[in-house]
Amino acid sequence: MKKSFMLLTIVVSLCFVGCSHNLRITNLDSYYSPPSPPFKETLKMGVTSSSNTDIQGRRYIDAIVDSLRKTGNFDKLIYPYDQSVHRGQVDVVSDITVVPRYSGEGLNFLVNWPGFLIFAPAAFGYGYIAELETNVNITRLKDSASQQISIPTKYEFRQAEIDRTWTEIGWLEFGVIPLIGGLVFTEYDTDVTDEFIGKVSPNYGTYVAKKILKVCGELKE
């Protein structure tokens, strides 16, 4: 009886102490963007986006717009831009759409089973992938010249929280819970999306902004 009680105490303690793994993006360096040289003359830009219809999509656009502002290449950047309201106030208009696709890694099964034996979910986290397809159409208003670019990014990250790591207690009942959980946890956990956007925004916004600046520079010539 005493051994069983002590075993239960250890399990409960581990669940409360090590039941999560902080979100960590493992390939941020792949999209590192050093500062671009400034334009000789600043631009006036308007930004439109159909991604504004949902909160998460708006956060991606906000990250791009914030990064564009920080470059110092625009003496005016209007977002959201409305042609009927802001006519004649900008030189170029950028229409930006972000299409995110999220998925879980198949190896999450092994993290959960037999990984529960070494508390792998809390120690290493579950693996997820976010593929962000960013489509940008930039139009120079004085002559309607335009250029469209597609900017693919693929971020890999790891995270775990108690709604999944609770299955680590599976070694008390011969591993049935983590075995079943492992099959389920190969899927993406939608609960992590907001935290992921918060972590990735500075890197993602800067990377996409640099691509947009390159096109703007070509349209200026």
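The exercises below deal with salt bridges in a predicted model. Residues are numbered from 1 along each chain as its sequence is written, and side-chain values use heavy atoms, with hydrogens and water left out. Local features need pLDDT of at least 70 and side-chain atom pairs count only at pLDDT 80 or more, whereas totals for chains, interfaces and linings use all residues.

**Exercise 1.** Find how many salt bridges the whole structure holds, and place the pair K44 and D75 in the chain.

*Solution.* Begin with the criterion, a side-chain nitrogen of Lys or Arg within 4 Å of a carboxyl oxygen of Asp or Glu; a search of the whole structure gives six salt bridges. One of them joins K44 to D75, with 3.8 Å between the closest N and O atoms. This pair links distant parts of the chain, since K44 belongs to strand β2 (residues 43-48) and D75 to strand β3 (residues 74-78), 31 residues apart. Strands (E, at least two residues) and helices (H or I, at least four) are DSSP runs, numbered from the N terminus.

**Exercise 2.** Determine whether R140 and D143, which meet in a salt bridge, are buried, partly exposed or exposed.

*Solution.* First take the distance, which is 2.7 Å from N to O. Next apply the classes: buried means under 20% relative accessible area, exposed over 50%, and partly exposed in between (1.4 Å probe, protein chains only). R140 has 16% relative accessibility and therefore counts as buried, while D143, at 41%, is partly exposed.
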